[in-house]
Amino acid sequence: RAQAVVHDLLSARKSFLSRQYAIGIAFLIVANIAAVLVESMESTAASFPASFFSVFEALSVAIFTFEFLGRLWCAPLCSEQQQGYATRGGYLLSFFGVVDFITIAPWYLDT
């Protein structure tokens, strides 16, 4: 049952919660791009607390990790026709599986 709930949340179904989650992830991606840009401008970055960007990055990676592990866990519930995979290995080797992994792996390798 829990697996089905997570699958519905992550698969951008038509439920209110899954739509809100998808919007939140899209916002988080844009916010991360903005954070990288702001952090690279020394004069602007100085106006933020010293740990702001580190904490924001850690929270973002935690959310992206939840999504990656959730999609991996729920992969057997996916439809080959809709998502392009129906196994955990299929998800890992899919375009989005590779992108999700590449997104989070550097943070774990660096810390």
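This is a short tour of the structure above, one selection at a time.

**The whole chain**

Start with everything shown as a cartoon, and keep in mind that this is a predicted model. You should find seven helices and zero strands, so the pattern along the sequence is simply α-α-α-α-α-α-α. Along its principal axes, the C-alpha trace spans about 50 × 30 × 20 Å. If you colour by burial, 30% of the 111 residues come up as buried. A contact map is worth a look too: among contacts with a separation of 6 or more, 56% join residues 24 or more positions apart.

**Helix 2**

Now select residues 16-40, which form helix 2. How far apart are its end C-alpha atoms? They are 36 Å apart, and that agrees with the 36 Å span expected for 25 residues at 1.5 Å a residue.

Next, show side chains for the buried residues of helix 2: Ser18, Tyr21, Ile25, Leu28, Ala31, Asn32, Ala35 and Val38. What covers them? The cover includes helix 1 (2-10), helix 3 (42-45) and helix 4 (52-74). We will visit two of these in turn.

**Helix 1 against helix 2**

Add helix 1 to the view. The axes of helix 1 and helix 2 come within 7 Å and cross at roughly 55 degrees. The two helices are therefore oblique to each other. To see where they meet, pick Asp8, Leu9 and Leu10 in helix 1, then Leu17, Ser18 and Tyr21 in helix 2. Sorted by class, the residues of this contact are four nonpolar, one polar and one charged. Ser18 and Tyr21, selected here for the contact, were also on the list of buried residues in helix 2.

**Helix 4 on its own**

Hide the rest and select 52-74, helix 4. Its 23 residues should span 33 Å at 1.5 Å a residue, and its end C-alpha atoms are indeed 33 Å apart.

Which residues of helix 4 are buried? Show Phe53, Ser60, Val61, Phe64, Thr65, Glu67, Phe68, Gly70, Leu72 and Cys74. Bring the other helices back and you can see what these residues pack against: helix 1, helix 2, helix 3, helix 6 (88-93) and helix 7 (95-110).

**Helix 1 against helix 4**

Keep helix 4 and show helix 1 again. This pair packs at an angle of about 120 degrees, with the axes 9 Å apart. That angle makes helix 1 oblique to helix 4. Helix 1 passes helix 4 in a left-handed crossing. For the contact itself, select Ala2, Gln3, Val6, His7, Leu9 and Leu10 on helix 1, with Phe66, Glu67, Gly70, Arg71, Trp73 and Cys74 on helix 4. By class, this contact has seven nonpolar, three polar and two charged residues. Leu9 and Leu10 of helix 1 take part here and also in the contact with helix 2.

**Helix 4 against helix 7**

Swap helix 1 for helix 7. Here the packing angle is about 140 degrees and the axes are 10 Å apart. Is the pair oblique or roughly antiparallel? Angles over 145 degrees would count as roughly antiparallel, so helix 4 and helix 7 are oblique to each other. Their crossing is left-handed.

On helix 4, select Glu57, Ala58, Val61, Phe64, Thr65, Phe68 and Arg71; on helix 7, select Gly97, Asp100, Phe101, Thr103, Ile104, Trp107 and Tyr108. The contact has eight nonpolar, three polar and three charged residues.

**Two close-ups on helix 4**

Zoom in on Thr65 in helix 4. Its relative accessibility is 12%, so Thr65 counts as buried. Leaving aside neighbours within four places in sequence, Thr65 is in contact with Ile104 and Tyr108, both of which belong to the helix 7 side of the contact you just selected.

Finally, move to Ser60, also in helix 4. With 2% relative accessibility, Ser60 counts as buried. Which residues does Ser60 touch, not counting those up to four places away in sequence? They are Leu28 and Asn32, two of the buried residues of helix 2. As a last check, set a C-alpha to C-alpha distance from Ser60 to Ile25: the two are 35 residues apart in sequence and 9.5 Å apart in space.

Definitions and conventions
Residues numbered from 1 in each chain as written. Predicted model: local features only at pLDDT ≥ 70, side-chain atom pairs only at ≥ 80, totals over all residues. Heavy atoms only, no water. Helix = DSSP H or I, 4+ residues; strand = E, 2+ residues; numbered from the N terminus. Expected span 1.5 Å × (residues − 1). Buried < 20%, exposed > 50% of the residue type's maximum accessible area, 1.4 Å probe, protein only. Contact = heavy atoms within 4.5 Å. Axes fitted to C-alpha atoms, helices over the stretch in contact; angles between N-to-C directions. Parallel < 35°, antiparallel > 145°, perpendicular 65-115°, else oblique. Left-handed = near helix turned anticlockwise from the far one by under 90°. Nonpolar A, V, L, I, M, F, W, Y, C, P; charged D, E, K, R; others polar.
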